[in-house]
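Visitor: Please take me through one part of this structure in detail. I would like to hear about a sheet, strand by strand.

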Amino acid sequence: MSIYAIGDLQGCYQSFRQLLDLVQFDPSSDQLWLVGDIVNRGPDSLALLRFLKQASDSTKIVLGNHDLHLLMVAEGFAKMTAGDTLQAILDAPDRDELLHWLRHQSLLHTEGDFVMVHAGLLPAWTVKQARQLANEVEVALRQENFHEVFASLYGNKPNYWDDNLASYERLRLIVNAMTRMRVCTSDGHIDFAYKGKETHIPAGYMPWFDVPNRASEYATIVCGHWSALGLKVRDNLIALDTGCLWGGNLTAIRLSDRKIFQVPCARQ
């Protein structure tokens, strides 16, 4: 069995199918790990959601900020913004089934020495604690009163972790760190606005994975989200968002030997 982790798809269904052909993916024996941002901005999020729902037995998916945005829009707690390509999902006859399936995906996945999360982990969080915190959000999103969570999910505050955080502020910070973070200070204050390259990070901030003595540094974090960062593979980090949506490549890595597979944006 091989496990292939794949970077942000964002509705790029054609490129995704080309990548599966390239790695000769066999759903009867192989597994796909998808780092989130399954939908939005790309041309065919609906086909992608339908395919993945049918392939659930051979996939592990974590939610990204665009996936949560779709759920928020569908429930009336957010509005679509310029560039969103979600209308086909919202108009689909099977929308409720697809959205229910998406809402029941994980925020974080752990297996062996690997941790898959969309954006990253705050420096103070051990893998064990991060798993527990992600579970708090997953349980809340899967309950019948999930609308109450959505009503309080958006916002940039708080922007640092405190064990005493409670209620929706606690859930919001967990979600924001795991789905939106790129840079933070050494004590874990997040700058949610920064989206640029490593070379232009604001003074006092650094990539979350470069914080000294990060509590999760002994695990290998598999993530995406930061397209300006590009492909970055270290002993304890595999960052896979190579900007397929923006005309870059869609990237997969075979976790057993870290072999890289890429296909260009299908729209080029």
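Guide: What follows is a walk through one open sheet, from its strand order to its pairings, with a short note on internal space at the end. The model is predicted. The sheet has 5 strands, and reading across it the order is E3-E2-E1-E12-E13, with mixed pairing. At the edges stand E3, residues 59–61, and E13, residues 259–264; each has a single partner strand, so one side of each is left without a neighbour in the sheet. On average, neighbouring strands here are turned by 20° against each other, direction ignored.

The parallel part of the mixed pairing can be seen between E1, residues 3–6, and E2, residues 31–34, which are joined by 4 bridges. Within this pair, Ala5 has Trp33 of E2 as its bridge partner.

An antiparallel pairing is found between E12, residues 249–254, and E13, with 6 bridges. Here Ala252 is matched with Phe261 in E13 as its bridge partner. The two strands, E12 and E13, make a hairpin with 4 residues between them. In that turn, Arg258 has a positive phi of about 60°.

As for internal space, a search of the whole structure finds 1 cavity of 30 Å³ or more. The space in the largest cavity is about 30 Å³. Its lining includes Met181, Trp208, Phe209 and Trp226, along with Arg182 and His225. By class, the residues of this lining divide into 7 nonpolar, 2 polar and 1 charged.

How values were computed. Residues numbered from 1 in each chain as written. Predicted model: local features only at pLDDT ≥ 70, side-chain atom pairs only at ≥ 80, totals over all residues. Heavy atoms only, no water. Pairing = 2+ DSSP bridges. Axes fitted to C-alpha atoms, helices over the stretch in contact; angles between N-to-C directions. 1 Å grid on protein atoms, 1.4 Å probe; cavity = no way out; pocket = protein on both sides within 12 Å on 5 of 7 lines; lining within 4 Å. Points joined across faces, edges and corners; volume = space filled by probe spheres on them. Nonpolar A, V, L, I, M, F, W, Y, C, P; charged D, E, K, R; others polar.
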